[in-house]
Amino acid sequence: MRDYYHIKINLPGGIASPGYLKDILSASWNANVRKVRFGSRQQLLMTVHYEDMRFLESDFKKLGIFYEVNTDRQPNIVSSYCGEDVFRTGQWLNASEYHSVLDSFDFEQGFQPGLRPGLKVNISDSNQSFTPFFTGNLNFISSPEPHFWYLYVRLKQSNTVFKWDKLIYTNEIGRLAKVVEECMLDEGINEENALKAAVSERIHYVSQQSTQELELPSFSLPYYEGFNRYESRTWLGLYRRDEEFSIEFLLDVCELCLKTRVGEICATPWKSLVIKGIEDQYREAWSNILGKHNINVRHAANELAWQTEDHNGDGAELKNDLIRYFSKNDTRTFGLCFGIQTRPKSEVFGSILIRKRPLLRIGQLPLFSVYDLYYTENFNPNSRAQVLFEKGLFKIHLPAQLERLCRRFNNQRSRDTLKTMLSEPDEAKTAVKAAKTVHQCPDCLTVYDPEFGDILGDIPSGTAFEDLPAGYCCPTCDSGKAIFLPIELTRSSHLEPA
């Protein structure tokens, strides 16, 4: 018999009313639960001792609260609503539009049977980089056309994503999602053309042709913790280093929300909370609650950019070890986010992905593990293309290799910026440009120029890069020849007047 059970309660779109959350927390407190967590799909998580489960089940039944025990058959609907009225996007998408989408799923707060998606559904603003686009099976992303959405479908347990033929109207999203789910889960239709044909036979919905392709925004995780100003009001972001929130603190948060007419509490995919619409007159009351419960805010930015799996102490411990290494070495991580995956079929969001891989097993029990490092194309976490950086690393070697990958990202960003600056032609200059190709190490920017060779490596001048031995390494950082990138050097000589 299990000593503890993992409980999951979905918060559709990451939104909870203070009254609803207070009911859940009060019932959990009566079942001797003292801390809860928020998951990477914006759901509420808790661990309950088996002797207390009967009390929790009884209270949840009275309150009409749907929950799952040790399963995730009905994944939560993820949305970027937590960033609305917090981070500026300039989009048409606003609070009422998000609620229209969620209402189209015909959800009651208690989650009536038969109305819960079995597929992962993401609802995203196309101009934001706070929540992931493609971690769902059905990914609805706002288009430039007001009230219409792109749909990208990712088959279950697959990395393949395909685009739906038409833009979907806001109020039709729930109906369409239900039919797509029936075709995929009930009938096993998992081929793009067959799925589109089956859905079109079953449902007619308001749509329009897409006139342009989705453009992924460049990633920059906004700072989401502490008191921050948005127009005439304040919002508060709450992050906990151990990913746990005490129920006593959250009950006080719910009470103050109810007293000060704050109607919603938002969970984020970063396992944190955002409370929006705090009026100036109540700012001190919110500060007092943080003081009462000794809640610290304004953690370092590199600590906020991590995703770990739910109910996973190993991932959280590794995250904290790597953060300490970054802090000690003053590593620059701006523009990056990190995901730690310790289970084969789990999904995390990150521009750099750390995957734990069992190397030796005794039966099903891993005896020894190594780590593989990946990064996404252009280091954009919403890209589905992943590139292997290092494979089979021991845990002791992981921090240094991760720092090396961060340097590669920073060097790439510097090169891209310089290329943009130099790409615009200057017609006023009368210059003859002579170009030659050299190869550059992406990790330390050392250049191999065949004109000079490599004195330290006993490579004579005039040796072409292609003629270097296969085992050639960068003389500065020992990176292999295979990762060197061709770049063009341009020498300008001004024309002398005749």
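Buried means under 20% relative accessible area, exposed means over 50%, and partly exposed is whatever falls in between (1.4 Å probe, protein chains only). The model is predicted, so local features need pLDDT of at least 70 and side-chain atom pairs count only at pLDDT 80 or more, while totals for chains, interfaces and linings use all residues. Residues are numbered from 1 along each chain as its sequence is written, and side-chain values use heavy atoms, with hydrogens and water left out.

**Exercise 1. Work out what the pair Phe38 and Phe245 ties together.**

Step 1. Start with burial: Phe245 is buried, with a relative accessible area of 1%. Phe38 is buried too, with a relative accessible area of 1%.

Step 2. Get the ring rule straight: rings of Phe, Tyr and Trp (its six-membered ring) pair if their centres lie within 6.5 Å; planes under 30 degrees apart are stacked, over 60 edge-to-face, and the rest tilted. The rule gives 24 aromatic pairs here.

Step 3. Apply it: Phe38 and Phe245 are edge-to-face, at 5.5 Å centre to centre with 80° between the planes.

Step 4. Place the rings. Phe38 belongs to strand β3 (residues 35-38) and Phe245 to strand β15 (residues 245-246), so the pair ties together parts 207 residues apart in sequence. Strands are DSSP runs of E (at least two residues), helices runs of H or I (at least four), numbered from the N terminus.

**Exercise 2. Describe the pair Phe87 and Trp235, then find its cluster.**

Step 1. Both Phe87 and Trp235 are buried.

Step 2. Their geometry is edge-to-face: 5.6 Å centre to centre, 75° between the planes.

Step 3. Phe87 is in the loop between β6 (78-79) and α3 (95-103), and Trp235 is in strand β14 (residues 233-238), so look for a link between distant parts of the chain, 148 residues apart.

Step 4. Follow the ring pairs, and you get a cluster of Phe87, Phe130, Tyr224 and Trp235.

**Exercise 3. Lay out the open sheet of five strands and find its edges.**

Step 1. Two strands pair if DSSP finds at least two bridges between them.

Step 2. The order is β2-β16-β17-β14-β13, with antiparallel pairing.

Step 3. β2 (15-16) and β13 (226-230) are the edges: each has a single partner strand, so one side of each has no neighbour in the sheet.

Step 4. Zoom in on one pairing: strand β16 (residues 265-267) and strand β17 (residues 273-278) run antiparallel and share three bridges. Ala267 stands opposite Leu273 in β17.

**Exercise 4. Trace the pairings of β20, then map the nonpolar patch.**

Step 1. Strand β19 (residues 338-341) runs parallel to β20, with four bridges. Gly339 has Leu353 in β20 as its bridge partner.

Step 2. Ten bridges join β20 to β21, and these two run antiparallel. Arg361 has Pro366 in β21 as its bridge partner.

Step 3. Check the turn: β20 and β21 form a hairpin with two residues between them, and Gly363 in the turn has a positive phi of about 65°.

Step 4. Now the surface. A nonpolar patch of about 850 Å² is made by Leu359, Leu360, Ile362, Leu365, Leu367, Phe368, Phe394 and Ile396. The elements giving two or more residues to it are β20 (352-362) and β21 (365-376).

Step 5. The patch rule takes residues with over 30% relative accessible area and no salt bridge, joining nonpolar side chains (Val, Leu, Ile, Met, Phe, Trp, Tyr) within 5 Å and like charges within 9 Å. A salt bridge puts a side-chain nitrogen of Lys or Arg within 4 Å of a carboxyl oxygen of Asp or Glu.

Step 6. Leu367 is found in strand β21, and at 57% relative accessibility Leu367 counts as exposed.

How values were computed:
Accessible areas come from the Shrake-Rupley method with a 1.4 Å probe; for residues, only the protein chains shown count as cover.
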